[in-house]
Amino acid sequence: MAITSHMRSGQCEAALRVFNSMPCRSSVSYNAMISGYLQNDKFDLARQVFDGMPEPARDLVSWNLMISGYVKNRDLFTARALFERMPVRDVVSWNAMLSGYAQYGYVDEARHIFNQMPTKDAVSWNGLLAAYVQNGRLEEAQMLFDSKTDWEVVPWNCLMAGYVKKKWFVDARNLFERMPVKDEVSWNTMITGYAQNGELSEARRLFEESPTKDVFAWTAILSGYVQNGLLDEARRIFDEMPEKNTVSWNAMIAGYVQYKKIDMAKELFKAMPCRNIASWNTMITCYSQSGNISQARSLFDEMPQRDCISWAAIIAGYAQTGHCEEALHQFVEMNRAGERLNRSAFTCSLSACADIAALELGKQMHSRLVKAGYASRWFVGNAILSMYCKCGSIEEAYDAFQDIMDKDVVSWNTMIAGYARHGFGKEALVIFGSMQAAGIKPDDVTMVGVLSACAHNGLVDRGMKYYHTMYEDYGITANDKHYTCMIDLLGRSGQLAEAVKLMKNMPFEPDAATWGALLGASRIHGNTELGEKAAEMIFEMQPKNPGMYVLLSNLYAASGRWDDVGRMRLKMRNKGVKKVPGSSWIEVQNKIHTFSVGDTFHPEKDRIYAFLEDLDLKIKLAGYVSSTNLVLHDVEEEEKEQMLKYHSERLAVAFGILSVPAGRPIRVFKNLRVCGDCHNAIKCISKIVDRLIILRDNHRFHHFSGGSCTCGDYW
């Protein structure tokens, strides 16, 4: 028939011309048009033809076609209404409704239809059984299965696969042994189940017993060895395989990638005769995870075809290797290419936004996620929440937290840690209380966030209480991170002797982070002797950690011990340790502006420096005095003042005041800790210009407003 022929080749308009030219149309011609439109995903046109049919021409086939069309379009309500209007129904009509309910998880409704059916065929029984199995209702599936004896092999395999998926291997094996006829799927289901569960000896025994070993059986046993890390045995099986398909090659390559055998994966990929997109994606991930992003990009560019996973893999590769701006560029390119933006691409891109504090771009992604319907799901919701926390927008972080429908422990931990890093310790503890009220059990990460909140805000008594009761209340044994938080808490509050005592009583040796907390506290309280001891221990563990040399040098400089400052500088030079240059950046109109100390490259440098000079006069009149004791050079006071005045964070703040519209926060980010003098200066600046200035250093956030900071000068 001409209509059917045109429809099969997608030529719907040609089919319509034939239909319109027919002087006399029968049920067959109408049904051919309806069926053709449905096959070409033109449901509305199919409905128009159905509605325009003369009543005598509308037969059972017409009704069944439309019901199936509504089911395919997920409109079960209208499908049911049409079903109820049918003058006559046959088993196909009933099965269409049953399969519709079953397909979309409405198992009870499917059962109700099944019970009402005047006659049932194999499709009816198989459809309901599959619905029970696919929705994990295996007890009901078993009862249905036991109520009938003449099942074909497919339903046996279906129920057995359900048992295997739930790891009910005894039930699966009993069913397998009872099967009157076993096909290759039966054997492969059992082999795969045992192999994936780590029971390789049983999987291998079944494999050997299997009367016909097809490529799927070989691949199942191969994958089992790969998943259990037995790569040598897996490779022996791979080499023995009489036939390999793409899945076989990909399984072996993925095994090499998973266990970091990059050269073996590369060799196999080159020899592979039947690469598909998954093969390329696996190798891109392989190179990205090994830090070879240039090779990953080279493969990405060579791909004959890409999918959303390919783009997500290259975005993740750039983000994980620190190339955040390129990761975001690839996200934009993915969108331009018209590729479907999946949640993996979104979450990796959000992570990149967080790392470079690209808040505006992060907001745009959040908006797109909301439109795509991803935002309320915890996996993506947590990425959005983390992005806002790291980009310095704690209010929007809280809104994102509230939007997560099913919060998991990571959601709560991220919000608690976010408030702690921003200096809102009391708010962090309120969230902790809400977490307990919601019945979510805190874990060790939760308690690190809670203790950190107490440490950042000087809440010594609260911190001690949580520390001493966390095992009794939550079964959490203190680890090195908890001890570090407590030493930080005690040390910052000036209880250095108590901090040292706690360190001595630790059930394990303190690590560099713990000694670092003690060194930081020693710097705050000017205890040079204790600071030297802490630094000495850190140098033994991390001889090339520049931050610790600088902390100790600050301690010496504050005490006027310039010979010791010089000794530190010489020690760094002899050990090949280089101080990380300080840099600060700010996002303005979707562009990142980066500054270094005394920067002379920014196109608006003259305007920025003139504004800073004016600000310097105003803050001095307001009582600001330069903390020249923090300069690590023995030079004249006036020169020290000049050196402090042009630190990178001050340049970025000045540019932000000039560029960010009034009423909006100024968000600046620094790769090192903010220096004490800049901290004091920015406090004064926030009062003079009447702006909220949010500064993220490598340790925490500082919210400057009205001449004060949320850290309480306690960082």
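Phe-704 stands opposite Cys-709 in strand E6, in what is a predicted model. The two residues belong to a stretch where E5 (residues 701–705) and E6 pair in the antiparallel sense over 2 bridges. Below is a quick tour of that sheet, then of a buried serine that touches Phe-704, a helix with a clear inside and outside, some aromatic groupings, and a handful of loop residues.

**The six-stranded sheet**

- The sheet is an open one of 6 strands, ordered E2-E1-E3-E4-E5-E6, and its pairing is mixed.
- Which strands sit at the edges? Those are E2 (591–596) and E6 (708–709), each of which pairs on one side only.
- Helix H39 (residues 648–659) packs on the sheet and touches E1 (583–588), E2, E3 (666–670) and E4 (693–696). The direction of H39 makes about 15 degrees with that of E1.
- Over at the E2 side, E1 and E2 run antiparallel and are joined by 6 bridges. Within that pairing, Ser-584 stands opposite Phe-595 in E2.
- E1 and E2 also make a hairpin, with 2 residues between them. In the turn, Gln-589 has a positive phi of about 50 degrees.
- As background for that turn, most residues other than glycine have a negative phi.

**Ser-686, tucked away**

- Ser-686 is in helix H40 (residues 676–689).
- Is Ser-686 buried or exposed? Its relative accessible area is 1%, under the 20% cut-off, so Ser-686 counts as buried.
- Setting aside neighbours within four places in sequence, Ser-686 is in contact with Arg-691, Ile-693, Phe-704, Ser-705, Gly-706, Gly-707 and Ser-708.
- That list brings us back to the opening pair, since Phe-704 is one of the contacts of Ser-686 and stands opposite Cys-709.

**Helix H10 and its two sides**

- H10 covers residues 138–146, and its buried residues are Leu-138, Ala-141, Gln-142, Leu-144 and Phe-145.
- Why do these count as one face? Looking down the axis of H10, the buried residues fall within an arc of 165 degrees, so they line one face of the helix.
- The general rule behind such patterns is that an α-helix has 3.6 residues a turn, so residues three or four places apart point the same way.
- Turned away from the buried side of H10 is a face carrying the exposed residues Glu-139 and Met-143.
- The cover over the buried residues of H10 includes helices H8 (107–116), H9 (122–134), H11 (153–165) and H12 (169–178).

**Aromatics and charges over rings**

- How many aromatic pairs are there? The count comes to 24.
- One of the aromatic pairs is Tyr-419 with Phe-424, set edge-to-face at 6.3 Å centre to centre with 85 degrees between the planes.
- Tyr-419 has 11% relative accessibility and therefore counts as buried.
- Phe-114, Trp-125, Phe-145, Trp-151 and Trp-156 form one aromatic cluster. Phe-145 is also among the buried residues of H10.
- Two rings of that cluster have a lysine over them. The charged end of Lys-120 sits over the ring of Phe-114, 5.0 Å from its centre, while that of Lys-148 sits over the ring of Trp-151, 4.6 Å from its centre.

**Loop residues worth a click**

- Asp-41 is in the loop between H3 (27–39) and H4 (43–52). Its phi is positive, about 55 degrees, although Asp-41 is not a glycine.
- At 60% relative accessibility, Asp-41 counts as exposed.
- Lys-167, in the loop between H11 and H12, also has a positive phi, near 65 degrees, and is a residue other than glycine.
- Pro-180 sits in the loop between H12 and H13 (184–196) and counts as exposed at 63% relative accessibility.
- The C-alpha atoms of Pro-180 and Ala-316 are separated by 50 Å, the two residues being 136 apart along the chain.
- Ser-559 is in the loop between H35 (546–558) and H36 (562–574). With a relative accessible area of 40%, Ser-559 is partly exposed.
- From Ser-559 to Ala-681 is 122 residues along the chain, and their C-alpha atoms are separated by 22 Å.

Key: Residues are numbered from 1 along each chain as its sequence is written. This is a predicted model: local features need pLDDT of at least 70, side-chain atom pairs count only at pLDDT 80 or more; totals for chains, interfaces and linings use all residues. Side-chain values use heavy atoms; hydrogens and water are left out. Buried means under 20% relative accessible area, exposed over 50%, partly exposed in between (1.4 Å probe, protein chains only). Helices (H or I, at least four residues) and strands (E, at least two) are DSSP runs, numbered from the N terminus. The arc is that of the directions from the helix axis to the C-beta atoms. Contact means heavy atoms within 4.5 Å. Rings of Phe, Tyr and Trp (its six-membered ring) pair if their centres lie within 6.5 Å; planes under 30 degrees apart count as stacked, over 60 as edge-to-face and the rest as tilted. A charge sits over a ring if NZ of Lys or CZ of Arg is within 6 Å of the ring centre and within 35 degrees of the ring normal. Two strands pair if DSSP finds at least two bridges between them. Axes are lines fitted to C-alpha atoms, for helices over the stretch in contact, and angles run from 0 to 180 degrees between N-to-C directions.
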